[in-house]
Amino acid sequence: MKTFLTMILLVIAMNTLFAQDTLNPSRPKALLNFNDQNPVFKLQDEQLSNKNGFMRYDVLTGYREGVSPISENFGLNFQAQIDHEKGTHRIKMYNLSIQDMLTHGLRKSNRVILEVKDPGKYRYHLDYGNELEWLRKNGYCYEMMMPIGVINSMQIVDDDLCRLFKVKIRNEKRMIDGKEREVLVISEQ
């Protein structure tokens, strides 16, 4: 009986700690006070004093309620920030589809070929109903932080996203509307 009660309490505790209902207004205060100007992880003093500069992290989470996707010049959907004081370079993306993350907002859907089992998990289509509801189920947030000078192109971000989503991306020429056009192909590994 004691073991049974312990298991019940453990299940309740785990559900309390790990459950994330993004539609629940009684979310923990930390989720309500989201500030995109602050990195996901705060560097401690001993990490800031790391002379080798080997600090790095990447984080992929699901949709975050109340956080708008980034919209920059030229249609870019990510933001890069350099903190010279801490010696870090941070890339962030919020509430985007897998396709939007992998294209950085620079490619239209008709220039992206999905060679995947379930295209509905990669990009939105009007047939899926309400776009916000779809995004709540299929949207992601991503953040990467590395030492200044390591990120010199988006290739490192692309490689990391491909690893996280277990996909490959490549540019190919394909016939579209009777013309040969360059497209991005996203395929599962």
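Two rings of Phe, Tyr or Trp, the last represented by its six-membered ring, are paired when their centres lie within 6.5 Å. Applied to this predicted model, that rule gives a count of four aromatic pairs. One of them joins Tyr124 and Tyr128 in an edge-to-face arrangement, with 6.2 Å from centre to centre and 75° between the planes. Tyr128 is also paired with Trp134, and here the planes stand at 15° with the ring centres 6.4 Å apart, so this pair is stacked. Tyr124, Tyr128 and Trp134 thus belong to one aromatic cluster.

The members of this cluster can also be described by their accessibility. Tyr124 counts as partly exposed because its relative accessibility is 21%, and Tyr128, at 39%, is likewise classed as partly exposed. Trp134 has a relative accessibility of 8%, and it therefore counts as buried, for which the value must be under 20%.

Turning to the interior, the largest nonpolar core holds 23 residues, of which Met93, Val157, Leu161 and Ile186 touch the most other members. Two or more residues of this core come from each of the strands E3 (88-96), E4 (112-115), E5 (140-147) and E7 (179-188), and from each of the helices H4 (98-103) and H6 (155-165). The largest share, four residues, is supplied by H6.

Met93 offers a closer view of the surroundings of one core residue. Leaving aside residues up to four places away in sequence, Met93 touches Ile70, Asn77, Phe78, Met101, His104, Cys141, Tyr142 and Met154, together with Val157 and Leu161, two residues that are themselves among those touching the most other core members.

Definitions and conventions: Residues numbered from 1 in each chain as written. Predicted model: local features only at pLDDT ≥ 70, side-chain atom pairs only at ≥ 80, totals over all residues. Heavy atoms only, no water. Core = buried A, V, L, I, M, F, W, Y, C linked by side-chain atoms within 4.5 Å. Buried < 20%, exposed > 50% of the residue type's maximum accessible area, 1.4 Å probe, protein only. Contact = heavy atoms within 4.5 Å. Phe/Tyr/Trp six-rings, centres within 6.5 Å; stacked < 30°, edge-to-face > 60°.
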